[in-house]
Amino acid sequence: MAAAGSLERSFVELSGAERERPRHFREFTVCSIGTANAVAGAVKYSESAGGFYYVESGKLFSVTRNRFIHWKTSGDTLELMEESLDINLLNNAVRLKFQNCSVLPGGVYVSETQNHVIILMLTNQTVHRLLLPHPSRMYRSELVVESQMQSIFTDIGKVDFTDPCNYQLIPAVPGISPNSTASTAWLSSDGEALFALPCASGGIFVLKLPPYDIPGKNGK
């Protein structure tokens with residue numbers, strides 16, 4: 001049998017009333033080089049949702065223990081939320097509105113590196129990379145005892161969404177369907193952001209953003 005102390009650390013009691021408090025979203029407009037005419041004639045995409053948990057979310061004394069990110073997309077809007085089952089995360093909910101664009105269903109991909117949390121996003125006209133600090137770099141103490149701490153979204157207001165290193169227009173390549181909902185995105189071993197879209201010919205078009213630590217280069 002497991003010791004009593006071990007059992008106490010294996011679960012957490014949730015307060016339903018506390019978790020049901022209205023969430024306060026901070027709203028930001030992501031300006032794009034898309035056109036309003038393209039949105040007016042575009043297909044209406046369905047809503048979508050997804051989630052991400054940190055690699056060390058199951059580690060007892062990790063700053064990311066029982067901590068995860070989830071999101072929802074609807075039309076031109078992406079809602080991002082970071083949650084914790086143990087502590088209160090401050091400034092943890094943001095709403096991004098992509099001007100003149102529609103977020104693709106399933107067009108949100110989250111990765112973590114040692115220093116960053118990287119969110120890749122696709123709309124029907126653009127691709128975006130959002131670079132945020134990893135929680136372990138925000139709080140370096142190995143033992144977290146605070147009842148509340150800042151979310152990774154706390155300083156998102158300082159992000160330059162127009163930085164060409166982290167934002168590109170999807171080129172008008174023959175064969176790419178403007179109404180396709182299929183997409184995928186990932187980080188390369190060199191830190192590049194790769195976005196893939198299907199072509200009508202059966203091929204795959206890949207758009208690349210440069211490594212985030214090498215400024216001044218445009219994607220291809």
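Of the 220 residues of the protein, 41% count as buried in this predicted model. The exposed area comes to about 12100 Å², of which carbon and sulfur atoms supply 53%. Four helices and 14 strands make up the secondary structure. Among contacts with a separation of 6 or more, 56% are between residues 24 or more positions apart.

Strand 6, which spans residues 93-98, is mostly covered, with five of its six residues buried. Two pairings of this strand are set out below.

| Partner of strand 6 | Sense | Bridges | Residues standing opposite |
|---|---|---|---|
| Strand 1 (residues 26-30) | parallel | five | Thr 29 and Lys 97 |
| Strand 4 (residues 77-84) | antiparallel | five | Leu 80 and Val 94 |

Strand 6 is thus joined to strand 1 in the parallel sense and to strand 4 in the antiparallel sense. In a regular strand, side chains alternate between the two faces of the sheet.

The loop between strand 5 (88-90) and strand 6 contains Asn 92. This residue counts as buried because its relative accessibility is 14%, under the 20% cut-off. The side chain of Asn 92 reaches the backbone oxygen of Glu 82 at 2.8 Å. Leaving aside neighbours within four places in sequence, Asn 92 is in contact with Leu 80, Met 81, Glu 82, Glu 83, Ser 151 and Phe 153. One of these residues, Leu 80, is also the residue that stands opposite Val 94 in strand 6.

Notes: Residues numbered from 1 in each chain as written. Predicted model: local features only at pLDDT ≥ 70, side-chain atom pairs only at ≥ 80, totals over all residues. Heavy atoms only, no water. Helix = DSSP H or I, 4+ residues; strand = E, 2+ residues; numbered from the N terminus. Buried < 20%, exposed > 50% of the residue type's maximum accessible area, 1.4 Å probe, protein only. Contact = heavy atoms within 4.5 Å. Areas by Shrake-Rupley, 256 points an atom, 1.4 Å probe, with all protein chains shown as cover. Pairing = 2+ DSSP bridges. Polar contact = N/O pair within 3.5 Å; in protein donor to acceptor, adjacent residues only side chain to side chain.
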